[in-house]
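Welcome! Here are a few short exercises to work through with the model open beside you. Try each task before you read its solution.

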Amino acid sequence: MHKKKGLSTHHWYIARFIMTGAMAQRRVKAAVIGAGMSGLVAARELRREGHHVVVFEKGNEVGGTWVYDPRIESDPSGLDPAREVIHSSMYKSLRVNLPRPIMGFSDYPFDAKPGVGDDPRPFPGHEAVLRFLQGFAADSGVVELVRFGHEVVRIERAVEGRNDEWVVEWRTRGGEASAEVFEAVVVCNGKFTEPRLAEFPGRSTWRGEQIHSHNYRVPEPYKDKIVVIIGNGPSGIDIAKDVLHAAKEVHLASRETTTFKIHGRLFQHSPIDHAEEDGKIVFQDGSSIYADAIIHCSGYKYHFPFLKTNEIVNVDDNCVAPLYQHVFPPALAPWLSFIAIPYRTITFLLSELQSRWVAKILSGKIQLPSKEDMTSSVQEYYQRIEAVGWPKRHTHRLQLEKFDYENWLVGKLGLPPLEKWRQNMYFTSFDLLTTFDENGRDTWDVEKWMKGEGGGGGSDNINYTLEC
């Protein structure tokens, strides 16, 4: 059927359904922002539901943050707004911190495949993840939906007060600008690009080198240097391991004390109290050192510079608000949604479940609560995390109640509950990260865990650490 002259995109779709008798399932024109992991699976689930999908990707290939880029930004601390932004935060030696069985998608597992360049380890390097995503994009046909070299610069409602017409404006590599109207927008631009630096007196005048982990690539620049790493989350501990290969000393400053075995050149400290111009760093426990470099492994900021919602959606202290179930702004639902905002979870699984939920809501198979009920639910959630003492910046940190959020999504989709071994494997893999055993990821018996023989392991005996 050809589009009737004079009909808007929205009205053309309605007319098509009326004439075909297919009003039971709504099909919309949806824009997906980003061709990283979450954007790829979102596009697949949307297309499975019959929606017309366009994926906008600034880069030249799929993979998002998993595309390793050896370059670093002109301002390695990431503070200069005029810097050329490098999207990826991969460092050369990075290996995944979750084992293969709990990565991948429900019908497209992250299996080791024989072939040139394959990495069969249970915790492979970042190159294997990129190959996996490239294969997924090709096998699912999603790669055909991607417009490469299209940087989205503005997303805004076409008509104020109307939520099902969104203008998506982009710029090509040649600088040419263009725009198109979509009924729905799914934001999947990632959360590991805009650095969040630790704050302490004297930071701006301290004479040494400062860099955010976003711009860390290799340890060689730190040869024979004394390095302070801020944060003992996954990236902080992993980069500390890497830097130890070259540095004279590595000092890890964090709020919590981890349980790893201390090496001769690795020292733990309380957070930084202040820094002095001559290179001295004083910690809150009163100890001090003279250091050459600080690596801020202090997390990232949610960043949507292209999104214009007239302040309906805001980012305040790293809380994207308001979002019903971390996905829908109540006042704009279901036409605007966000995928993979939460962290401390199995991201591949989460993205697939959220994407399937969004796709079925847009098709009309699943109904959202009213705007008022969604707003009330958001406020109740904020009150709960405040009651347990979580700061606002941890609004999207999951596992307050273990895997309740993921199982809630599973229930909405009519799927069976998540396997217990999958949850135990997730939490125990984080326990593994708190060790400095270089062979730990290779000696852990993943197959035993899949058979349910891994031991207790659950979340109750894990010493959580926060990268903030």
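A charge sits over a ring if NZ of Lys or CZ of Arg is within 6 Å of the ring centre and within 35 degrees of the ring normal. Keep in mind that this is a predicted model, where local features need pLDDT of at least 70, side-chain atom pairs count only at pLDDT 80 or more, and totals for chains, interfaces and linings use all residues. Residues are numbered from 1 along each chain as its sequence is written, and side-chain values use heavy atoms, leaving out hydrogens and water.

**Exercise 1.** Over the face of which ring does Arg100 lie?

Solution. Go to Arg100: the ring beneath is that of Phe110, with its centre at 4.6 Å. Then go to Lys29, which lies over the face of Phe182, 4.8 Å from the ring centre.

**Exercise 2.** How are the rings of Tyr108 and Phe136 arranged, and which parts does the pair tie together?

Solution. Start with the rule: rings of Phe, Tyr and Trp (its six-membered ring) pair if their centres lie within 6.5 Å; planes under 30 degrees apart count as stacked, over 60 as edge-to-face and the rest as tilted. The whole structure holds 21 aromatic pairs. In the pair of Tyr108 and Phe136, the centres are 5.4 Å apart and the planes make 70°, an edge-to-face arrangement. Because Tyr108 lies in strand S4 (residues 108-109) and Phe136 in helix H3 (residues 126-140), the pair ties together parts 28 residues apart in sequence. Here helices (H or I, at least four residues) and strands (E, at least two) are DSSP runs, numbered from the N terminus.

Next, check burial, where buried means under 20% relative accessible area, exposed over 50%, and partly exposed in between (1.4 Å probe, protein chains only). Tyr108 is buried at 17%, and Phe136 is buried at 1%.

Last, look around: ring pairs link Phe105, Tyr108, Phe110, Phe132, Phe136 and Phe348 into a cluster. Phe110 is also the ring under Arg100.

**Exercise 3.** Which residues of H5 and H7 meet?

Solution. Contact means heavy atoms within 4.5 Å. On the H5 side you find Leu350, Leu353, Gln354 and Trp357; on the H7 side, Tyr405, Glu406, Trp408, Leu409, Val410 and Lys412. Sorted by class, this contact has 7 nonpolar, 1 polar and 2 charged residues. Ala, Val, Leu, Ile, Met, Phe, Trp, Tyr, Cys and Pro count as nonpolar, Asp, Glu, Lys and Arg as charged, and the others, Gly among them, as polar.
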